[in-house]
Amino acid sequence: VLVGVGTVAGRAAHVVEARRRDGSAAARLWLDTEFALPLRREIYDEAGAVRAASAFVELKFHSAVTHPALRREPGSVVTTSLRRTDLARMRDNGWSCPDELEGGLALYEARWVGDAVQLSYSDGVVTVSVFEQEGRLDPRTLHGYAAREVGGGVVYSTPGPPATFTWSAGDWVVTVVADAPAETIDAVLAALPPEEPDERGLLGRIGKGAQRIASWFNPFD
């Protein structure tokens with residue numbers, strides 16, 4: 001529902017409200033009037049309290065034709081879309097790729113990003129990207145990451161927005177990049193729980209994969 005107008009980072013914006021079936025506000029988005037880019041977002045719990053928020057504080061727009069940052073460079077990461085039948089075959093080969101996560105998060109897009117699979121989930125308000133990649137995580141490459149125990153395993157994270165979380169799950173590395181409430185991350189952890197750490201250091205071919213994957217993801221894309 002369009003509920004008004006506003007300004008974010010000096011840009012005019014339409015204020016749009018997403019409502020639950022009972023009429024209460026689930027979220028508000030400030031959309032740039034020229035490009036429809038989400039400039040600000042607030043997510044509310046059922047009592048109306050803000051449970052997550054993010055906003056741009058400064059914006060600069062460049063031409064997609066002339067700005068070098070928007071040109072594809074040699075050796076850049078190649079992405080390939082995946083269909084439901086592709087995901088079914090991958091699950092038979094050990095990939096997880098769940099169709100949904102707890103909390104009403106449904107899979108709406110999947111694609112190869114380099115040697116990882118990016119799985120995009122949403123409940124209509126929050127969007128979270130989950131990356132699965134074969135290999136073993138080496139914590140010694142995760143500079144600036146903080147470790148915490150979760151369900152007997154260890155999760156490494158950096159603050160956001162967007163926040164990054166990464167952990168080992170069997171012979172796979174899971175990385176989550178999201179500007180989302182904590183319960184959204186908990187839903188991913190419940191579906192792909194971290195394993196207990198290997199005393200040898202969890203060495204493997206992934207190397208700095210978690211940091212590389214995080215650099216590929218734009219939370220507003």
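**A guided tour, from Ser 122 to the low-confidence stretches**

Start by selecting Ser 122, which you will find in strand β9, residues 116-122. Keep in mind along the way that this is a predicted model. Is Ser 122 buried or exposed? Its relative accessibility is 17%, and because buried means under 20%, Ser 122 counts as buried. Now show what surrounds it: beyond neighbours within four places in sequence, Ser 122 is in contact with Gly 104, Leu 105, Ala 106, Tyr 108 and Thr 127.

**On to the sheet**

Next, colour strands β1 to β5. These 5 strands make an open sheet, ordered β1-β2-β3-β4-β5, with antiparallel pairing. At its edges lie β1 (2-8) and β5 (50-55), each of which pairs on one side only. If you turn the view, look for the twist, which averages 20 degrees from one strand to the next. As background, strands of a sheet pair through backbone hydrogen bonds, either parallel or antiparallel.

Zoom in on β2 (residues 11-19) and β3 (residues 25-32): this antiparallel pair is joined over 7 bridges. To see one position across the pair, select Val 15, and opposite it in β3 you will find Trp 30.

**A stop at Asp 32**

Stay in strand β3 and select Asp 32. How accessible is Asp 32? Its relative accessibility is 2%, so Asp 32 counts as buried. Which residues touch Asp 32, apart from neighbours within four places in sequence? Show Arg 11, Ala 12, Ala 13, Leu 37 and Leu 39, with which Asp 32 is in contact. With Arg 11 there is something further to display: a polar contact of 2.7 Å between the two side chains, that of Asp 32 and that of Arg 11. You can also draw a C-alpha to C-alpha distance from Asp 32 to Val 5; it should read 9.9 Å, for residues 27 apart in sequence.

**Finish with the confidence colouring**

Switch to colouring by pLDDT. The chain has a mean of 78, and 79% of its residues reach 70 or more. Among the elements of the chain, β1 has the highest mean pLDDT, 95, while helix α3 (residues 209-216) has the lowest, 45. Then select residues 65-72, where pLDDT is below 50; this stretch has 8 contacts in the model beyond near neighbours in sequence. Last, select residues 199-221: pLDDT stays under 50 here too, and the model has 51 contacts for them beyond four places in sequence. Where pLDDT is low, the predicted coordinates should not be read in detail.

Terms used:
Residues are numbered from 1 along each chain as its sequence is written. This is a predicted model: local features need pLDDT of at least 70, side-chain atom pairs count only at pLDDT 80 or more; totals for chains, interfaces and linings use all residues. Side-chain values use heavy atoms; hydrogens and water are left out. Two strands pair if DSSP finds at least two bridges between them. Helices (H or I, at least four residues) and strands (E, at least two) are DSSP runs, numbered from the N terminus. Axes are lines fitted to C-alpha atoms, for helices over the stretch in contact, and angles run from 0 to 180 degrees between N-to-C directions. Buried means under 20% relative accessible area, exposed over 50%, partly exposed in between (1.4 Å probe, protein chains only). Contact means heavy atoms within 4.5 Å. A polar contact is a pair of N or O atoms within 3.5 Å; within protein, one must be able to donate a hydrogen and the other to accept it, and residues adjacent in sequence count only if both atoms are side-chain atoms. pLDDT is the predictor's confidence in each residue, from 0 to 100.
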